[in-house]
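Me: Can you walk me through this one? I'll start with a residue and jump around from there.

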Amino acid sequence: MSSLQPHFDAFDARIQLSLANRRLLAEQQQWFENLLRTWFEQTMGVTPSFAGQGSLSIGTGVEPLVVGDFDLDLALILDALDTSAQDPIALKKQVAAAAAHHRLY
């Protein structure tokens, strides 16, 4: 019986993020973290922290079908903010406002 493993290995190697794209995404993540950190410090007086999420954080990110159309999952942690007094939708809108005029690519 023939093994499918060589075929899977070839497919997996083909879809994995290139080193250049992994570096690009790391730079973009750092840029976005800095953007949000500055915005939250200036507008709300809190310094957020971040945690990588999703496929990139566990090394399973793949090359996108559309060049430059990466999915970057990032958890925003607001330990110093009393989130029980915050509307979660309003917080989400504030994050969107912080990023509204910026493009990663």
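Me: Where does Gly68 sit?
Reply: Gly68 is in the loop between α3 and β2 (73-77); helices (H or I, at least four residues) and strands (E, at least two) are DSSP runs, numbered from the N terminus. Bear in mind that this is a predicted model, where local features need pLDDT of at least 70 and side-chain atom pairs count only at pLDDT 80 or more, while totals for chains, interfaces and linings use all residues. Residues are numbered from 1 along each chain as its sequence is written, and side-chain values use heavy atoms, with hydrogens and water left out.

Me: Why does Gly68 count as partly exposed?
Reply: Because its relative accessible area is 24%. Buried means under 20%, exposed over 50%, and partly exposed is in between, with a 1.4 Å probe and protein chains only.

Me: How far is Gly68 from Pro48 in space?
Reply: Their C-alpha atoms are separated by 27 Å, with the two positions 20 residues apart along the chain.

Me: OK, other loop. What does Gln16 touch?
Reply: Gln16 lies in the loop between α1 (5-15) and α2. Not counting neighbours within four places in sequence, Gln16 is in contact with Gly59, Gly61 and Glu63, where contact means heavy atoms within 4.5 Å. The C-alpha atoms of Gln16 and Glu63 are 6.0 Å apart, although 47 residues separate them along the chain. Gln16 is partly exposed too, at 26% relative accessibility.

Me: And Gln29, which element is that in?
Reply: Helix α2. Leaving out neighbours within four places, Gln29 is in contact with Gly52, Leu72 and Leu74. From Gln29 to Asp73 is 9.1 Å, C-alpha to C-alpha, across 44 residues of sequence.

Me: Which residues make up the largest nonpolar core?
Reply: Six of them: Phe32, Leu35, Leu36, Phe50, Ala98 and Ala99. A nonpolar core here is a set of buried Ala, Val, Leu, Ile, Met, Phe, Trp, Tyr and Cys residues joined through side-chain atoms within 4.5 Å. The elements giving two or more residues to this core are α2 (19-44) and α4 (88-99), and α2 gives the most, with three.

Me: What does Leu36 contact?
Reply: Beyond four places in sequence, Leu36 is in contact with Pro48, Phe50, Val95 and Ala98. Apart from that core lies another, of five residues, including Phe40, Val46, Leu78 and Leu91.

Me: Switching to pockets: which residues lie nearest the centre of the second largest one?
Reply: Leu17, Arg22, Leu25, Leu56 and Ser57, out of 16 lining residues. α2, β1 (49-53) and α3 (54-57) each supply at least two residues of this lining, and α2 gives the most, with four.

Me: What's the lining like by class?
Reply: Five nonpolar, nine polar and two charged residues. Ala, Val, Leu, Ile, Met, Phe, Trp, Tyr, Cys and Pro count as nonpolar, Asp, Glu, Lys and Arg as charged, and the others, Gly among them, as polar.

Me: Zooming out, how many helices and strands are there?
Reply: Four helices and two strands, running α-α-β-α-β-α from the N terminus.

Me: What are the spans of the C-alpha trace?
Reply: About 65 × 30 × 20 Å along the principal axes. Buried residues make up 18% of the 105 residues.

Technical notes
1 Å grid on protein atoms, 1.4 Å probe; cavity = no way out; pocket = protein on both sides within 12 Å on 5 of 7 lines; lining within 4 Å.
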